[in-house]
Structures are given as structure tokens and as C-alpha cells.
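Me: Could you take a close look at one part of this model for me, the eight-stranded sheet and whatever packs around it? I would enjoy a connected walk through that region and then outwards to the rest of the chain.

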Amino acid sequence: MNPEELAQFTAEIKAKYEEFKAQNLSLDLTRGKPSSEQLDFSDDLLALPGKGNFTASDGTDCRNYGGLTGIKDIREIYAELMNCDINNVYCGDASSLNIEFDLISFAYMFGTPDSPRPWKDEASIKWICPVPGYDRHHTITEHFGFEMVTVPMLEDGPDMDAVRELVKDPTVKGMWNVPTFGNPTGVSYSEDVCRQLAEMDTAAPDFRMLWDNAYAVHTLTDEFPPVHDVLAMSEAAGNPNRFWAFTSTSKITFAGSGVSFLISSKGNLDWYAKHANVRGIGPNKINQLAHAKFFGDAEGVRAIMRKHAGSLAPKFNRVLDILDERLGGRDVATWTKPEGGYFISLDVVDGTASRVVELAKEAGIALTGAGSTFPLKQDPNDRNIRLAPSLPPVEELEIAMDGVATCVLLAAAEKLAN
């Protein structure tokens, strides 16, 4: 636009923005929470396992203490879903974040089976963070004071040239990964990238790949992506303990009341058990039994995930439609078009993401903070915003996204004018 066109456009978009502010909206696109409709899909779980039903298939009385590995009934289901042997699966409580925090805590205090010393005794620790990435992951490594180094996320996973260069440094001890329908990009790692991560040489003998497969079955279509057998890949490459893998039912049944899974080598699981057995006397086996009865088998999990897809896909499609309608062809933003997961990653004009979030807040639309998808919440380009379409009904989502698009345009116009 020439200066006159830009001035006219800015006046028009400011007027539209003021109309939004006048509506006194209160809309929230901040976190990937399941909607009430999605939570209703699991209401039958509230009656399970039922009075008198407390025995696992192997005869375990689930009412009592013990059983750190979790019950066979639910581990069998998730071993099939995660494409691994049941002996490599432990089942725990709540969400995978709990286990991730435990593992880093144990490594920090005591070292891993491959560590020359506890991580707390290292002069420094660095951690690889593909970006944009999951804010809760960054929060864990920030909490322990690790230096977080970023690598770009590409269409098939992290930039492997950058990763291979970083792991030449012995102070680089690990890497965060969301390998399927990543948060927030929706990117799924290719089999080739998985193999490279399993086989690459690392200077640190105790380098760990934290493999958070939280969205492994969270498709937005009828197709479920492959789950690559990274344990077999890493064992064949002579790195049997490299992967700490995770998943959970947090967004499948009830958020915060589900079951979580640690998938790893025997050496890692034995080491985990050594410390976890001190921390507690076993997981909530009644909840595990309830979930096993609710799902029935792996196909039962897929069946409920098709219901979730039916609820989520129209919301994602509507968000993408509005982005296309309002921002397409204007050169002010790009966005991902995920086939699964819970988020859409929106990149706006460099230097304007914070302003977009500020404008949206003033108009009654809550967005995840600018920079939240980067370590220490510092996006060096101030461009990325994570959109979470899952919670609001479609009607509210349409209003919110129209408002977000208006804020993106206004922030871009302001920057160009300056």
C-alpha cells in the first residue's frame, strides 16, 4: 500500500477494532483445554470400575498398595497404541508432565544409569528446545536452571543439522520433543528424523531424549499417524537408554484425572523404579482399572478419539477459514494447518506479536502470551502466537478469531506507519 492507502486502511481497521472493544467481550483462547462436549464423551468412566469390580486381569486387588509398574490391563492397551512391548511400559497417575519432572529431578539428584555424576554436580547443563515449543516443558528445565538452547522446527521435525552440532557439546544433556502433532505447530516427526535422533553421536554419555507423545492419537481426521518405534531404533544404534517417552489420557478422558505412561528401556525403568519406590507406594490402580474397562482395548481408544475429532475438527476448520478470509493475501501472517493436536501456530509481522496480544486483551480476548512458545518466554522475533481453538463453542470462536485477525492487521498497520 502507498501511504494514502495505508492511512485509509488503518483508519478502517481501527474503527472495526473499536467496535470489538465496545462489545465488552470475555473470550479465552489461551490453553488447550477440552470442551464440555469432549469431557461428556467419557461420562461413563464416572461409574467405573463399579462396586465389587476391583480386580485386575492378573488377580491384583487394585484397592491396595503396590504395583509401581501399573496394572497389565491398561499397559497392554497403550503398548499397542505406542507400538512397543508391554515390558517397556509403566503406568502412573495424572499426566506425563508429572513423570517428566520426576525423571529430571532424579537425574539431577542422583544421575542416570549412564551418568558419570549427578547432574547437580555438573558445572553447567544445556538443554535443546525446538521452537516454537511447549511452554510447560520449558518451565521444567528453567526451574532447574538449565541453559536452554533453541533449534528451529521444520516441516518434518527439528532442524537436524542444528541438533547434531549442539550435541557435540558434553554439557548438552537432553532435548524436549513432542513428536506427533507438536505443540503448537502440529508438526509430526518423520521416521527419518526419528532415526537420526536415535542414532546420532552425542558427547554426553547420559544424553536423554524426552519424547512427549501426548498427542499420538489426537487426530483431527479419521487417520491415525504412525508411532515410530524409537526404542528399537536407539537400541539397534547402541543407545538403548536414550529415550524417555511419555503419553497420557489427559485430553482423552478427564484432564487431570487420567493415567500417564512412561515408555523406556529396562535399564531406565529399573533406575526410575529405584527412586520412585522411595517417593511413593504405587499409583492409583483403581483409576487405571476404570480406564481399562472404559476403553476395552486399543480400538476403544481410537473410537473415542474419533468422537474428539468430530468435535474439534469443525473448530479448527473455522479458525483456518477466518484466517484465510481476513489475513490471506495480505502478507501480514502465516499459520499452520494441523491434522491433529490442539493448537494452531500463528506467525505475525516481526515485532508485533506482543502488540497483537495486548490489543486482543483490551478487546476482551485472552491469548497465550507472546513468547510463551520459547524458552524464558523470549521470542527473539516477537512473531509467534499459539491459538487454542478447543474450549469455546464455535459461535464464540468465530467472534474471537475475527477479533484476533483485526488485531493482527491493526498491529501490522501501526508498525508500517511507524
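Reply: Happy to. Let's begin in the sheet itself, with strand 7 (residues 208–212) and strand 8 (residues 243–248), which pair in the parallel sense through four bridges. Within that pairing, Leu210 has Trp244 of strand 8 standing opposite. Please keep in mind throughout that this is a predicted model.

Stepping back, strands 7 and 8 belong to an open sheet of eight strands, arranged in the order 2-9-8-7-6-3-4-5 with mixed pairing. Its edges are held by strand 2 (89–93) and strand 5 (157–158); each has a single partner strand, so one side of each is left without a neighbour in the sheet.

Now for the helices on this sheet. Helix 7 (residues 191–199) lies across strand 5, strand 6 (172–177), strand 7 and strand 8, and runs at about 150 degrees to strand 7. Helix 9 (residues 266–279) also packs on the sheet, where it touches strand 2, strand 7, strand 8 and strand 9 (259–263). The direction of helix 9 makes about 35 degrees with that of strand 2.

Helix 9 has a helical partner as well. Two packed helices are described by the angle between their axes and the distance between the axes. For helix 4 (residues 96–110) and helix 9, the axes come within 11 Å and cross at roughly 100 degrees. The two helices are therefore roughly perpendicular to each other. On the helix 4 side, the contact is made by Ile99, Asp102, Leu103, Phe106, Ala107 and Phe110; helix 9 contributes Trp271, Tyr272, His275, Ala276 and Arg279. Sorted by class, this contact has eight nonpolar residues, one polar residue and two charged residues.

The loop that leads towards helix 7 has a detail you may like. Asn183 and Pro184 are joined by a cis peptide bond, with omega at about 10 degrees, and Pro184 sits in the loop between strand 6 and helix 7. There is another such bond from Leu48 to Pro49, cis with omega near 0 degrees. Pro49 is placed in the loop between helix 2 (36–40) and helix 3 (72–81). A further backbone feature is found at Asn24, which has a positive phi of about 50 degrees although it is not a glycine; Asn24 lies in the loop between helix 1 (3–22) and strand 1 (27–29). As background, most residues other than glycine have a negative phi, and most peptide bonds are trans.

How does the sheet region sit in the chain as a whole? The domain assignment gives domain 1 (3–30 + 302–417) and domain 2 (56–296). The centres of these two domains, taken over C-alpha atoms, are separated by 31 Å. Their contact takes 25 residues from domain 1 and 29 residues from domain 2. The size of an interface is often given as the accessible area lost when the parts come together. Here the area buried between domain 1 and domain 2 is about 2400 Å², and carbon and sulfur atoms give 67% of that. On the domain 1 side, Arg302, Met305 and Pro375 lose the most area to domain 2, together 23% of what that side buries.

Arg302 deserves a moment of its own. Arg302 is found in helix 11 (residues 298–327). The residues that Arg302 touches, leaving aside those up to four places away in sequence, are Glu80, Leu81 and Phe224. The C-alpha atoms of Arg302 and Val217 are separated by 7.1 Å, although the two residues are 85 apart along the chain.

To finish, there is a second sheet to set beside the one you asked about. Three strands form this open sheet in the order 10-11-13, with antiparallel pairing. Strand 10 (333–335) and strand 13 (384–387) are its edge strands, each pairing on one side only. Direction ignored, neighbouring strands of this sheet are turned by 25 degrees against each other on average. Strand 11 (residues 344–348) and strand 13 run antiparallel and are joined by four bridges, and Leu346 has Ile385 in strand 13 as its bridge partner.

Key. Residues numbered from 1 in each chain as written. Predicted model: local features only at pLDDT ≥ 70, side-chain atom pairs only at ≥ 80, totals over all residues. Heavy atoms only, no water. Pairing = 2+ DSSP bridges. Contact = heavy atoms within 4.5 Å. Axes fitted to C-alpha atoms, helices over the stretch in contact; angles between N-to-C directions. Parallel < 35°, antiparallel > 145°, perpendicular 65-115°, else oblique. Nonpolar A, V, L, I, M, F, W, Y, C, P; charged D, E, K, R; others polar. Domains from an automatic or database assignment. Buried area = accessible area lost by both parts, 1.4 Å probe.
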